[in-house]
Every structure is written in structure tokens, then in C-alpha cells.
Amino acid sequence: MESLLYTGEVRTVGESMARSITDAGAFKIFMDEPVELGGRNGAPSPLDFILAAHAGCLNYMTFYIARELGIPVTRTDITVRGALDPSTFAGKRGGARAGYQALEVTLQVHTPANADQLALLKREVEARCPVSDNLANATPVHLTLKAATSEA
């Protein structure tokens with residue numbers, strides 16, 4: 001049996017340096033930056049969405065894998081925290097990566113599972129979460145930049 005390949009795609013229009021609107025399927029995602037970074041603080045930042053995407057994927061995978069393993073789960077509480085040095089994206093070359101230096105995740109699972117079951121669930125979630133995989137491993141990014149003609 002051949003495995004199907006999932007292909008995701010979004011389209012984003014930048015309204016200003018800090019504000020953008022993304023079409024993701026039938027949904028609109030609004031992004032903005034804090035006032036101190038030139039935004040209006042009217043929506044989460046792109047960096048917030050990275051953390052939210054990670055938490056959302058961990059939630060899905062926890063429920064999905066727990067069901068496979070016969071572990072009842074009624075709820076998850078997930079906190080994802082990351083810190084970065086803004087000097088690199090501000091144009092100062094200090095050697096730090098532009099993105100988060102590390103992510104700290106706390107995943108609380110509401111379940112009657114025992115310690116062995118929780119350890120197995122944790123291993124499987126860590127190994128199978130696609131967003132965790134994209135964050136933990138280098139994913140090639142091929143950027144094409146081209147000029148668009150102005151519409152009158």
C-alpha cells in the first residue's frame with residue numbers, strides 16, 4: 001500500500017512591515033507585531049504561531065497515540081516557551097541564531113495512565129509529532145524572491 005503525501009500550502013499578504021493576513025484553506029490567520037517592533041499588537045506574532053503550532057500538534061498527537069495505545073485521555077494542558085536574541089533579525093551579526101534558541105514544553109495529560117504508559121506515550125509523541133520534527137531537524141527551505149508589478 002502506497003503512503004499518501006500531505007502537502008500544505010498557505011498564502012500570505014503583507015499589509016505592512018508588521019501586519020499580515022494568511023489564507024490557510026478556508027481560514028484566515030492574522031499576524032501582527034508588538035508596538036515596539038512596529039506593529040499595532042493586534043494579533044499574535046509569527047513567532048507566537050510557531051509556539052501555538054507546536055502545542056496544537058503535540059495535543060493532536062497525544063490524543064491520537066493515546067487512543068492507539070488504549071490510554072484514556074480527557075484533556076491536555078500544554079505550555080511551550082521559547083526565547084530568542086533579537087539582535088540577529090535586527091541586523092547585528094553576533095553569532096546567535098535568528099530564531100528560538102531552545103523550546104521548553106510542559107505537557108500535562110489528564111489520564112489515569114501509569115508511569116510506564118506515560119513514558120511510552122511520551123516517546124511516541126516525541127518521535128511522531130510532525131511539528132516537533134520540523135523544529136528539531138533542519139528542513140531545507142528554498143526561497144524565491146521576485147518583483148511584482150504594481151497594480152494601478
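Biologist: So helices here are DSSP runs (H or I) of at least four residues, strands are E runs of at least two, and both are numbered from the N terminus. With that settled, where is Asn41 found?

Modeller: Asn41 is in the loop between strand 3 and helix 1. Keep in mind that this is a predicted model.

Biologist: Is Asn41 buried or exposed there?

Modeller: Exposed, because its relative accessible area is 54% and the cut-off for exposed is over 50%. Asn41 also has a positive phi, about 55 degrees, although it isn't a glycine. Most residues other than glycine have a negative phi.

Biologist: Ok, back towards the start of the chain. How do strand 1 and strand 2 pair?

Modeller: Strand 1, residues 11-14, pairs with strand 2 in the antiparallel sense, over 4 bridges. The hairpin joining strand 1 to strand 2 runs through 5 residues.

Biologist: And which residue in strand 2 is opposite Val13?

Modeller: Val13 stands opposite Ile21. Ile21 also has a bridge partner in strand 3, namely Phe30.

Biologist: How many bridges link strand 2 and strand 3?

Modeller: There are 5, again in the antiparallel sense, between residues 20-24 and residues 27-31. That hairpin has 2 residues between the strands, and Gly25 takes a positive phi near 65 degrees in it.

Biologist: Switching to helix 1. What's its reach from first C-alpha to last?

Modeller: It spans 34 Å over 24 residues, close to the 34 Å expected at 1.5 Å a residue. Just after helix 1 comes Gly70, with a positive phi of about 75 degrees.

Biologist: Which residues of helix 1 are buried?

Modeller: Leu51, His54, Ala55, Cys57, Leu58, Met61, Thr62, Ile65 and Ala66. Their cover includes strand 4 (75-83), strand 5, helix 2 and helix 3.

Biologist: Any pockets? How much space is in the largest one?

Modeller: The largest pocket holds about 400 Å³. It has 15 lining residues, and those closest to its centre are Leu58, Val105, Leu107, Val125 and Glu126. Leu58 is also one of the buried residues of helix 1.

Biologist: Which elements give two or more residues to that lining?

Modeller: Helix 1 (46-69), strand 5 (102-110), helix 2 (115-128) and helix 3 (130-136). Helix 2 has the largest share, with 5 residues.

Biologist: And how does the lining divide into nonpolar, polar and charged?

Modeller: You get 10 nonpolar, 3 polar and 2 charged.

Biologist: I've been staring at Val73. Where's its place, and what does it contact?

Modeller: Val73 is in the loop between helix 1 and strand 4. Setting aside neighbours within four places in sequence, it contacts Phe63, Ala66, Val109, His110 and Thr111. Ala66 is among the buried residues of helix 1.

Biologist: Why does Val73 count as buried?

Modeller: Because its relative accessibility is 15%, and buried means under 20%.

Biologist: How many Å separate the C-alpha atoms of Val73 and Thr139?

Modeller: They're 32 Å apart, with their positions 66 residues apart along the chain.

Biologist: Last one: where does Asp133 lie, and why is it called partly exposed?

Modeller: Asp133 lies in helix 3. It's partly exposed because its relative accessible area is 42%, which falls between the 20% and 50% cut-offs. From Asp133 to Lys28, C-alpha to C-alpha, is 25 Å, and the two are 105 residues apart in sequence.

Conventions:
Residues are numbered from 1 along each chain as its sequence is written. This is a predicted model: local features need pLDDT of at least 70, side-chain atom pairs count only at pLDDT 80 or more; totals for chains, interfaces and linings use all residues. Side-chain values use heavy atoms; hydrogens and water are left out. On a 1 Å grid over the protein atoms alone, a cavity is a set of points where a 1.4 Å probe fits but cannot get out, and a pocket is an open set with protein on both sides within 12 Å along at least five of seven lines; lining residues have an atom within 4 Å of a point. Grid points are joined across faces, edges and corners, and a volume is the space filled by probe spheres set on the points. Ala, Val, Leu, Ile, Met, Phe, Trp, Tyr, Cys and Pro count as nonpolar, Asp, Glu, Lys and Arg as charged, and the others, Gly among them, as polar. The expected span of a helix is 1.5 Å times one less than its number of residues. Buried means under 20% relative accessible area, exposed over 50%, partly exposed in between (1.4 Å probe, protein chains only). Contact means heavy atoms within 4.5 Å. Two strands pair if DSSP finds at least two bridges between them.
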